[in-house]
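Trainee: Before we discuss pockets, sheet and interface, could you put the model in front of us?

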Amino acid sequence: MAANPVPDHVPPEMVRDFSLFTSPGMAPTPNGDPHAAVACVHAGPPIFYSPCNTRDGRGTWVITRATDQRRVLQDAESFSSHRSIFASALGEKWPMIPLELDPPAHGVFRSLLNPLLSPKRVTELEPAIRERAIMLIKRIAASGTSCDVMKDFAFPFAVNIFLRFLGLPDHRLDTFVGWAKDLLHGDDVRRPAAARTIVAFIDELAAMRCKEPVDDFMTFIVQTQVEGRQLTDEEVRGIGVLIFVAGLDTVAAAIGFDLAYLARNLKDQELLRSEPDRIALAAEELLRAYPTVQITRVATKDIDFEGAPIRKGDYVSCATMIANRDPAEFESPNTVDLAREGNRHAAFGYGPHRCLGSHLARREIVIGLEEWLARIPAFRIKKGTAPINYGGHVFGIENLILDWS
Amino acid sequence: MRIIVQKAKCQGHARCSAQAPDVFKLDDEGYILPGDIEVAEGEQRLASRGAQSCPERALELDRTPAARG
């Protein structure tokens, strides 16, 4: 991807050859460690300019300190999240909701959706989540002493839970995962095609639930009211598309990273297996060490930030994997300490756009680890195989073949 | 011990109540209820762990003598 020219207002000495997309370790790499690769930025300044740091090759400022990322992400007035990142793939301009809305409109939709994904609500979903995990893991255990974690467990687990939440049928799971893969990792042809397919699907689903309401998320969205009115078609679409794309591969990736870590660290694996009460806290530490998302904001005005002349319209990147390895925020940030306390990690972001699905996500991760460790004996990366890790817009892992023979 | 709650900074991570559910009470959206919290003697350890887990730094420990009373 070709980098845009560096804007004139960016001092040349603030430009660095760093990118979450193109730096060493970001491309799919066998046994790669993209999270460790980004941690190098803390040796440098708190903010610098990366000439090519979005999927479409745009430049961004990069914020390296957790405390500064908190400041940016808490200040939605100066740093907007409205980028039409999904709609732009179609040459359109509408927001995913609530992610790409700014206050005060954001708060209205956030309050509408928060109760549906609150910790309390997620607790009610727990039996169904556990049942699904047990079913998949029992099948894996019965069929041999090795499996492809992503294909056999992480995706069919996370995507099923999330489809059930949305009220969508499970038999199309592979289709949905394919759409998400094309959207997140596809080329210039596959990406807009996937976006178009997803929009058509969400529009059709909304129309169906209007006609024949059932007890599910989309029915709630088409029937509910904000500020005394029903939602517009564009708002329904903006919510549906966000929930659809946000839930499809992030949880699966987290489970993959966690099991890969445990496969390589047998002492920690045995500790969690013998003392499952530790899993909830350990999952937070693994979220700190292996987060998946880069958050990008757009400056709404000129701001001088730690000596950097941010100008209106500039992109500002707050990568969770950078905040989470900040030595000023975390002692020994590159060491995984499953008993770490005071863990203020940024895996779900900071500020008003804190991941709406975070409580569902962490519950799935904890339950997934609990049931996996309870049913699968000491496991390792299968000899002769290598998991492929990659950076980019959403960090991920593929070809994670575990063996417990 | 007292915990000073900066309600406006709460973004509903719920990391506090995950560690000390009896100390940190949440509303129906999953955000902290307004008002500072007086922590009972036996709950101080869990409460300070919960407060120190807040990604937004919305919870502040107040250990001044007045707060112990």
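Mentor: This is a predicted model. A pocket here is an open set of grid points where a 1.4 Å probe fits, with protein on both sides within 12 Å along at least five of seven lines.

Trainee: How much space lies in the largest pocket, and which residues are closest to its centre?

Mentor: The volume of the largest pocket comes to about 660 Å³. Its lining is made up of 24 residues, and those closest to the centre come from both chains, being Arg363(A), Ala14(B), Ser17(B), Ala18(B) and Gln19(B).

Trainee: Which helix gives the largest share of the lining of the largest pocket?

Mentor: Helix 4 (119–142), helix 12 (279–289) and helix 14 (358–375) of chain A, along with helix 1 (15–19) and helix 2 (44–51) of chain B, each contribute at least two residues to that lining. By class, the lining residues are nine nonpolar, six polar and nine charged. The largest share, five residues, belongs to helix 14 of chain A.

Trainee: Which elements give two or more residues to the lining of the second largest pocket?

Mentor: The second largest pocket holds about 450 Å³ of space, and among its 22 lining residues those nearest the centre are Phe21(A), Arg55(A), Leu184(A), His185(A) and Gly186(A). The elements that each give two or more residues to this lining are helix 6 (173–185) and helix 7 (190–211) of chain A.

Trainee: How do the residues of that second lining divide by class?

Mentor: Sorted by class, the lining of the second largest pocket has five polar residues and six charged ones, beside nonpolar residues that number 11.

Trainee: Why do strand 2 and strand 4 of chain A each have one side without a neighbour in the sheet?

Mentor: The sheet is open, with five strands of chain A in the order 2-3-11-8-4 and mixed pairing. Strand 2 (47–50) and strand 4 (79–80) of chain A each have one side without a neighbour because each stands at an edge with a single partner strand. For strand 2 of chain A, an antiparallel pairing over four bridges is made with strand 3 (residues 60–63) of chain A.

Trainee: Which three residues supply 30% of the area that chain A buries against chain B?

Mentor: The contact involves 24 residues of chain A and 20 residues of chain B. Between the two chains about 1,800 Å² is buried, with 40% given by carbon and sulfur atoms. Of the area that chain A buries, the three residues that supply 30%, more than any other three, are Glu341(A), Arg344(A) and Arg354(A).

How values were computed:
Residues numbered from 1 in each chain as written. Chains lettered and ligands numbered in written order. Predicted model: local features only at pLDDT ≥ 70, side-chain atom pairs only at ≥ 80, totals over all residues. Heavy atoms only, no water. 1 Å grid on protein atoms, 1.4 Å probe; cavity = no way out; pocket = protein on both sides within 12 Å on 5 of 7 lines; lining within 4 Å. Points joined across faces, edges and corners; volume = space filled by probe spheres on them. Nonpolar A, V, L, I, M, F, W, Y, C, P; charged D, E, K, R; others polar. Pairing = 2+ DSSP bridges. Contact = heavy atoms within 4.5 Å. Buried area = accessible area lost by both parts, 1.4 Å probe.
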